[in-house]
Structure formats: structure tokens, C-alpha cells
Amino acid sequence: MNIDYIKDYGEVIAFNGAFSLKPKEKSLKKHIKLSNPTDNKVYTNVKELIKKTGLKSGDTISFHHHLRNGDKVVGIILQACEELGINDLKLAISAIFPTHDFLVEYAKKGIITQIDTNYCTGKVANAISRGEFKKVAIFRTHGGRARAIYAGDLEIDVAFIAASATDNAGNINGTMGKNAFGSIGYAMPDADCAKVSVAVSDTIYPYPLSNPSITQDKIDYILMVDEIGDPNGIKSGTTDITKDPIQLKIAKTTANLIDESGLLKDGFSFQTGAGGISLASAHYVKEIMKEKNIKGSFIMGGITAYLVSLYNEGYFNNIFDVQGFDLEALKSLQTNPNHYEVSSSLYANIHTSSPIVNRLDCVVLGATEVDTNFNTNVMTSSNGYIMGGSGGHSDAAAGAKLAIITTNLIRTRKAIVKEKINSITTPGESINALVCEYGIALNDKTLAKTLKNSRLKILDIKDLASIANDICGVCEYEKSNKRIVAVVEYRDGSVIDVIRQV
Amino acid sequence: MRRTLLFIPGNNAGNIQNAGLFGADAIIFDLEDAVSPMQKDSALNLVCNALTMLNYECEKIVRINLEYAKNDILALSKTKINSILIPKAENIEEIKELIKYTKNLNPKIEILLLIETPLGLLNAKELAFLNGVSAICFGAEDYTSEIGARRSESGVEIDFARNYLLNVCKAAKIDAIDTPYTNINDENGLIADTTYIKNLGFDGKLVISPRHIDIIHNCFKPSEKEIIWANQVLNAIKEAELKKSGVISLNGKMIDAPIVSRAKKILKEIL
């Protein structure tokens, strides 16, 4: 990539290796505040509250995505901003879902001009791809967002932190109240560093709130609303193991690979996502652990009922929870003593003493495209439209001893493994293996040596690409020369790729 | 080896593309029941293309339509097909004619017959001995429907047909393939059913779900005791050959040709 400067982003530091960028000496950017014992923090009028924060046009406002597709808080705040005539806002939100489709209208009106996020789907993703936002979007990793906030690269003027429970002093959590959602880990850096932090809640408890996840010294104001979210949209996990025979085959091969790698022994640590191949892989890993009587150390990732069941059945001793996907995850966080709520910085911030991802033995990840150097795209579809983002992908891949990409070789008549891909999210150097329905491709000489005499079907990744090409035909890309609509920032703050307008 | 013969609908391109990935001993591309009359020609086209362009590392069988048998066979004979499965086999002269027609086009193609009617069962004794027939498969759903039986978990209503067909196949020295287990989600039922037919002497089973393949292969895996015994038999034979001894025994029991054949079959099943 040969770009030094991107308008509305700034100077570009090109990606040059997963651990090569040394952080500049920067002190933690905390804002000094004065509080008076008679101050009242609680507001019920959103416009009055916004005026009190001092929010103005051109500022950056932040949100977390723990309410997922049930979030109502972003809409409440932006409507008030519009009514107050505040525009040209940068929206720093940890993830965007279809429930946020209305943001496209705010972009058209010039109220939102820039998006800073880790993951984006729905109409907002399409609008960014088509260049409908005035300024370039910034995509970070979950750990990268925390890093950027603490380093001062992402300065937040007002953080609006949805909390399912609060007291009148601003002790908050996501585990109590009518719209409890679980861990509030993605909001912790925002609460630490924003110039002004506002808790937005629909349930107030007498002081002091038990088990606060973020404490009163970090919350300046509290906005009480009728509902912070829709519980049906908040739950997104599934406990059902897929019945798709191809996905099951990939998952079983993945579990066998983990077993044969030698890492699956007492003290094993594991991260996997929800649904599809990930959940089925966890299931087959469990079967092996059962057979060999192995007790793992911790599981991490988006926590689902299935991962909770692994803890409850004694396969793992601890859960690290930066976000939960369902009510079982919530229940476990409320009751299990070794189920820990962690911040996104503790989870994956590369510029700290030790994020938890560095302690991972194995992570199972997905992909929309993989090239023959194992560079992985989880950001765009093969037609160049944004349809996701790194989330924790690059973070966990870099930290884990064994990072496995699982994917169908061919999906809806299109090759997934190929010579060139549309966009790079996670560098191939962080990926140790790729598992698809045709077998395993390795990107790790030590692992290749370990597996030399195993019964696993190991192929060269170029052979996998050629199988896919034989069936689907070679996919030719016409790289767009249009304007850059999104910057893909690696977890260390360097730029690994850019997305151009479709 | 024909432990698992997996049915793949002949009109589903995605399934056809992935058919070879599940580890079945054979794939049966189905042009018959799985394909509606309106799609027969396009399905035949799709299966012929797949059998020409794609590589499957297992036996490739096509279940043809009895109604359009010659048309199907003619098109398939030019592909990398291994075998043809003729459904509703019952008329001896008709089957003879189709075998002759197939062998004239491509002598390498093997014929499997699907017995799924009472008349077919009655004629199985002659059908099994026809030249070119390498296996008889049992289709219990159509069969029980025709005899008016109700399907049960124990399968008592198909005991006679199973045992009769098994005997016919063993007499003709061809493979005996059992009916598919139709409850896709009942793993325990599948294990019980497969163990039962394996103990009866069946060589394999028709399969309608890829998820059943590993389970059936596990059922067909010989036990540790059987493997030890089979190795002992083959070692005893080797020793006898070295000693040029005419009489071979193991633990005081005579070893004759069927015992050797059984031992070899067990060791083959480990692979």
C-alpha cells in the first residue's frame, strides 16, 4: 500500500508486520473533573442532558454494541442532536447492526459525517461502500479500538454508555435490570477516557448498585429513558449445533487438528465464535476433552450458552467475557464465580503489558476470502461491499499459538480460497492453518513437522485454490480506483488496507 | 467395499459438488425418486457433467429411471461412471435386456439392482445370478408399502425380506446392501439398526444423510478381538506355508477357506 495521507483520517503508517510497530510514548489521556457533593447527575430530558455535556457540531460521540440488534440508545441520542441542530458528528461505535440502518438518513442530513467502528453490517455498511458518508470510515479491531482510545488516537467528546442498571451516582452494569445484556466490556475504555461520560439506563437501583462494572467516578451524567433496547434483538446466540454436513465435517477436522497439534491438554485455552462451524468445533473439541479427560484453563470470545455449558460441565475452569450473546451467558456472569467480565483493552489491546489474547492456545475464526498467503478478509464480500469487520479477528489471530481459519472452500458458487482477495483484514503471518471441506492447509513449519505423521489430510493452499478454480473458474477483480471510503486499521494503529467506493 | 452408498439428488448442483467429501464408499446420484418429472432431463445433464468434470475418490453409481432407462444409460455410459442402480427390479427379461444394453455400451459398468417390491423379492433368486450384477440393494419403504405392513422401530416387518435377500446375495456371491435408516436425527437407532444388519451378514447400507456415514463405518469397524483373531489366522497360514504343512489350525480349530476369507474381510474393514 502506497498511501501516506488520507483526508479525514490523517497520516498513514503502513502495516509492516504484526508486532513491528513500537508504540509512541503517550500518557493515558484522562480528563480532570471537579465534582460537588450536591451535584445531581440524573436527567430524564435528553436534550437538557446533551446541552449539559457541552456537545457541539464536529464532536465525536461514542457508543458500545452490547445491545446488538436491539439497541435503542443511538437513536434516542441522535434524534435529540438533530433537534438541537448539532451536526457533523463522528460516530465512534464498537459495532453497527441492521437496527442502526436509520443512520443512513442522518448521514444524508449531514448530522453524522464519519463512522469509526470495528464491525458493520446492514444498510450503513452499504452506504459506506457507496461513499454516502462525507468522511472516510475507520475500521479498527476490538483491541485496536481500546488502544486508539487510550493512546488518544480516538478522542471521544461524549461517551453514551448504555447500562441496564444504574444508581443515582453512576455505578453501572449490564447484568441487572429489565434489559440486562451481560458484559459491558467494550464501554470500559470509553468510560476511562471520554471528556464526558453519560450512562444511559432504564432501570435505577438504590445507591450503591451491587456489582458495578463501571464505577461512579467515571460517569458524569445519567440519562434515564423508557427502554435502552429490545430484548429480542439483544439475544443473538444459538445453542444448536449446525446440521449442515459440510460445516460438521470442517468442524470435526478442526477439532482433530487442534488435538493433533499437541495443544489440547490440561490447561488448554480456547476462543471461538457463535453459530455455524465455530460452535460445532467447540462441540467436537469437547468430545475429545471428554474422551481424554482434559481440563481446560479458560474459554473466551463472544460467550454463548454452549460455552457456558462447557464451563458448567467442568471442561474449562474460567470464562473471560468481553461480550455475551444470550441469556445463559448473562446468567452465568451473574452467578459463576470464575466467569469474569473483562474490558476490550484487557482482552486484546496490543499496547498493554499483556492482553488475554496473548494467553490463548487456540482460536477458531471465519473468513469471507483467504489468499494463497493466508491473508484473510472478513471485511468485504467478493463484490467489494463492506459486510463485517475484524472485531476480535486480528487480535485473537495474533495472540493465539494456533489460529485456525475455518471456511467452505466454495460458497454459493464462489471460491473462498484464491490467488488474490478483495481486501486484507488479518495478515497471513498470524494464521497457522486453514481448514475447509477438502482438508487442511498449513502456514506454520513447526506445526507441519508435528503433523507429518498424523492421519489428517494436509494439502498445499495453492492446491486448494486450484480445486476451487477448477470448479468455479478464476475470479477476476477489477480493483476500484474510486475514492477511499474506509481505512482498515490493524490492531497496532497501522493501516493494513483501504476500501474504495464500489 | 460398499459399507455406505450415499444418495445424492441428481438435481442439486451444490450437493453433487460436495458429494465426494463425506467419505462414503459409494455415491448414488439419484435421477429417479429425488427428481420431479419436469427436471429429469436437466438432472441427467447435471449428473453427466459432474461425472465428466469432477473427481470423486469413491465408487460412482447412478440410480436411473426405469421408464427412461436406455436414454439414461446411453448418456451415462460416456462418463466416468462405475455402476448403474436399476430401481424396482422385478422383471427378469427386462433387467437382462438392460444389462445387455449397458455392457454393449461400456462393459466396465457394474449393475446394482434395487429390490423394493414383493415381485422383485420373489424373482431376486434369478436376478442375483444374472451376469454383470454385483449387488442387490433392499428398499424397505416401497416394499412395506406394497405388502401393507406398518414400519416399526424393530423392523420386524422386513425381517423376512432382509434374510431372504441376504441369502440370495451370498449364494450368488454378490454384495448385499440393506435399506437406508430413514430417521435422520436418531443416532442411537441408526447404530442399533446397522449393528443388527452387520451381524446378519449385510455388506453395507444405503444412506440418505451424510451425517450417517461415519456412524455406519464405526459400526462396521471390527472389534479389537476380531482384529487379533484375523491376524492370528493369517499368521497361522503364513507359518503353515513356511512349514509346507497341509493342515492348518488355530487354537485347536481347523482353518479352512471361508475362515481365511472372513479374516481377510475383517482386516480390510479396518482401513
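This report describes the two chains of a predicted model, from their overall build to selected local features.

## Chain A overall

Chain A holds 15 helices and 28 strands. Its radius of gyration is 22 Å, which agrees with the value near 23 Å for a compact globule of 502 residues. The C-alpha trace spans about 70 × 55 × 45 Å along its principal axes.

Of the 502 residues in chain A, 61% count as buried. Contacts across the sequence are well represented: among those with a separation of 6 or more, 73% come from residues 24 or more positions apart. The accessible surface is about 20000 Å², and carbon and sulfur atoms account for 47% of that area. Chain A carries 55 positive and 55 negative side chains. The centres of these two sets lie 2 Å apart.

## Chain B overall

Chain B holds 11 helices and 10 strands. Its radius of gyration is 20 Å, and the value for a compact globule of 271 residues would be near 18 Å; the two agree. The C-alpha trace spans about 65 × 40 × 35 Å along its principal axes.

Of the 271 residues in chain B, 49% count as buried. Residues 24 or more positions apart supply 67% of the contacts with a separation of 6 or more. The accessible surface comes to about 13500 Å², with 53% belonging to carbon and sulfur atoms. There are 32 positive and 35 negative side chains in chain B. The centres of those sets lie 7 Å apart.

## The open sheet of chain A

Nine strands of chain A form an open sheet with mixed pairing. The order is β16-β15-β14-β13-β17-β20-β24-β25-β26. Its edges are β16 (339–341) and β26 (458–459), each of which pairs on one side only.

Within this order, β14 sits beside β15. Strand β14 covers residues 296–303 of chain A, and strand β15 covers residues 316–324. The two run parallel and are joined by seven bridges. I303(A) stands opposite G324(A) of β15(A).

## Strand β12 of chain A

Strand β12 of chain A spans residues 221–224 and is covered on both faces. Y221(A) and L223(A) are buried on one side. I222(A) and M224(A) are buried on the other.

Two strands that pair with β12(A) can be named. Strand β3 (residues 42–43) of chain A pairs with β12(A) in the parallel sense over two bridges. Here Y43(A) has L223(A) as its bridge partner. Strand β11 (residues 196–201) of chain A also pairs with β12(A) in the parallel sense, over four bridges. In that pairing, V198(A) has Y221(A) as its bridge partner.

## The β11–β12 loop of chain A

The loop between β11 and β12 of chain A includes P208(A). A cis peptide bond joins Y207(A) to P208(A), with omega about -5°. N211(A) is found in the loop between β11 and β12 as well. Its phi is near 50°, a positive value in a residue other than glycine. N211(A) is exposed, because its relative accessible area of 61% is over 50%. Both features go against the common pattern: most residues other than glycine have a negative phi, and most peptide bonds are trans.

## D88 of chain A

D88(A) lies in the loop between α2 (73–83) and β5 (89–93) of chain A. Phi of D88(A) is near 55°, again positive in a residue other than glycine. Its relative accessible area is 23%, so D88(A) is partly exposed.

## A buried lysine in helix α9 of chain A

K286(A) belongs to helix α9 (residues 276–292) of chain A. This lysine has a relative accessible area of 12%, under the 20% cut-off, and therefore counts as buried. Setting aside neighbours within four places in sequence, K286(A) is in contact with Y306(A), L310(A), E313(A) and Y315(A).

## Helix α9 of chain B

Helix α9 of chain B spans residues 213–220. Six of its eight residues are buried, so this helix is largely enclosed by the rest of the structure. The buried residues are I213(B), I215(B), I216(B), H217(B), C219(B) and F220(B).

Key
Residues are numbered from 1 along each chain as its sequence is written. Chains are lettered from A and ligands numbered from 1 in the order in which they are written. This is a predicted model: local features need pLDDT of at least 70, side-chain atom pairs count only at pLDDT 80 or more; totals for chains, interfaces and linings use all residues. Side-chain values use heavy atoms; hydrogens and water are left out. The radius of gyration is taken over C-alpha atoms; the globule rule is 2.2 Å times the number of residues to the power 0.38. Buried means under 20% relative accessible area, exposed over 50%, partly exposed in between (1.4 Å probe, protein chains only). Contact means heavy atoms within 4.5 Å. Accessible areas come from the Shrake-Rupley method with a 1.4 Å probe; for residues, only the protein chains shown count as cover. Lys and Arg count as positive and Asp and Glu as negative; His and the chain ends are not counted. The place of a charge is taken as NZ of Lys, CZ of Arg, CG of Asp or CD of Glu. Two strands pair if DSSP finds at least two bridges between them.
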